[in-house]
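Hello,

Here is the structure I promised to pass on to you. Please have a look at it first, and then read my notes below.

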Amino acid sequence: MRPDAKTERLRQGQFQTLEAEVAKKRVDWFKRHYGQANFDPLPSPRRAYELFLLQYLGLSADKVPVVSETETKIEWLSLNACPTLEACQRLSLDTRQVCRAVYEKSTQALLSQLDPQLRFHRSYQEIRPNAPHCRERIIRLDFARIMKLAIKEARTSKAEGNKGYGAVVILDGKVVGRAYDTATTQRDPVLHAEVNALRQAVSNLGDGNLCGAVLFSTCEPCPMCSALAVWANVTTIVYGASIEETARLGKARILMGAREIATRSPALVEVIGGVLKDECLALYS
């Protein structure tokens, strides 16, 4: 996109349009260069850092110096010239809002092509021009380990007389919401596991915008819960058993999947299914 066109989109506040365009551009780049490549089953955060910053953005390592690194995390300071920063300063826009709205999920869209367990995060307390640098990081989540937390919630649900669904919300590697369905015991049909977990996350963070968060659920979220995830602006939904699979086991389900809700939504939401599917299905058999 020409710099003047991008600036005009920013001026008009077309953040979701920009986000979708940037995500598509990044995913298309990955597919052109690596579409048929076979990566290590667990590509490292370092590999993702090099792919995104050094290869895709074409930056030199001295402009994005690494300040902390482990097997599961890499953190750096962005010091490079930034057209978005310059445009925001010209337009008197807040980079904390613009970069979160346009570049958080679109960067994740690229990393997810490498491995969706690699998650991108930016510190909005340390972002230019409010700081001399932008502090950013890539961490590796263990989807199976987190799904086991959701399964534990589901077992508690069944033990208490509910329907056996569990959900966990993760942001920046931390559990910010963890719950099970209480619709039966509390006589409130709204209280699905995902609703309870998302509400808990919002309360804990003091923010209704969960951009960057991952919602884990033992079963594919129903249309109500998928829509709530959209309105909460989560980045990714991860589930174990699908709606169709649990419906075949006799569970009453509305046969509309989370991916269809996400595709029709105004927000960019990634949907990943089948994580510990057999263990999750066992909850409903």
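A word on terms before the notes: a cavity here is a set of grid points where a 1.4 Å probe fits but cannot get out, and a residue counts as lining if it has an atom within 4 Å of a point. Please also keep in mind that this is a predicted model.

With that in hand, let me start with the enclosed space. The structure holds one cavity of 30 Å³ or more, and the largest cavity offers about 40 Å³ of space. Its lining is made up of Glu104, Gln108, Arg119, Phe120, His121, Gly212 and Thr235. Sorted by class, that is one nonpolar, four polar and two charged residues. Helix 6 (104-114) and strand 3 each give at least two residues to this lining, and strand 3 has the largest share, with three.

Next, the open space. The largest pocket has a volume of about 900 Å³. It is lined by 33 residues, of which Lys6, Arg26, Leu57, Thr84 and Tyr103 are the closest to its centre. By class, the pocket lining has 18 nonpolar, six polar and nine charged residues.

Which elements build the wall of this pocket? At least two lining residues each come from helix 1 (3-11), helix 2 (15-34), helix 3 (45-56), helix 4 (83-91), helix 5 (95-102), strand 3 (118-122) and strand 4 (134-140). Helix 4 supplies the largest share, six residues. Strand 3 is worth a second look in your viewer, as it appears in the lining of the largest pocket and also in that of the largest cavity.

Finally, a few notes on strand 7, which spans residues 214-219. Is this strand mostly covered or uncovered? It is mostly covered, with six of its six residues buried. Strand 7 has these pairings:

- With strand 5 (residues 166-171), strand 7 runs antiparallel, and four bridges join the two. Here Ala167 stands opposite Ser217 in strand 7.
- With strand 8 (residues 236-241), strand 7 pairs in the parallel sense over five bridges. In this case Phe216 stands opposite Val238 in strand 8.

Strand 7 and strand 8 also belong to a right-handed β-α-β unit, together with helix 9 (residues 223-231).

I hope this helps you find your way around. Happy to talk it through whenever suits you.

Best wishes

Notes:
Residues numbered from 1 in each chain as written. Predicted model: local features only at pLDDT ≥ 70, side-chain atom pairs only at ≥ 80, totals over all residues. Heavy atoms only, no water. 1 Å grid on protein atoms, 1.4 Å probe; cavity = no way out; pocket = protein on both sides within 12 Å on 5 of 7 lines; lining within 4 Å. Points joined across faces, edges and corners; volume = space filled by probe spheres on them. Nonpolar A, V, L, I, M, F, W, Y, C, P; charged D, E, K, R; others polar. Buried < 20%, exposed > 50% of the residue type's maximum accessible area, 1.4 Å probe, protein only. Pairing = 2+ DSSP bridges. Right-handed = clockwise from strand over helix to strand, strands pointing away.
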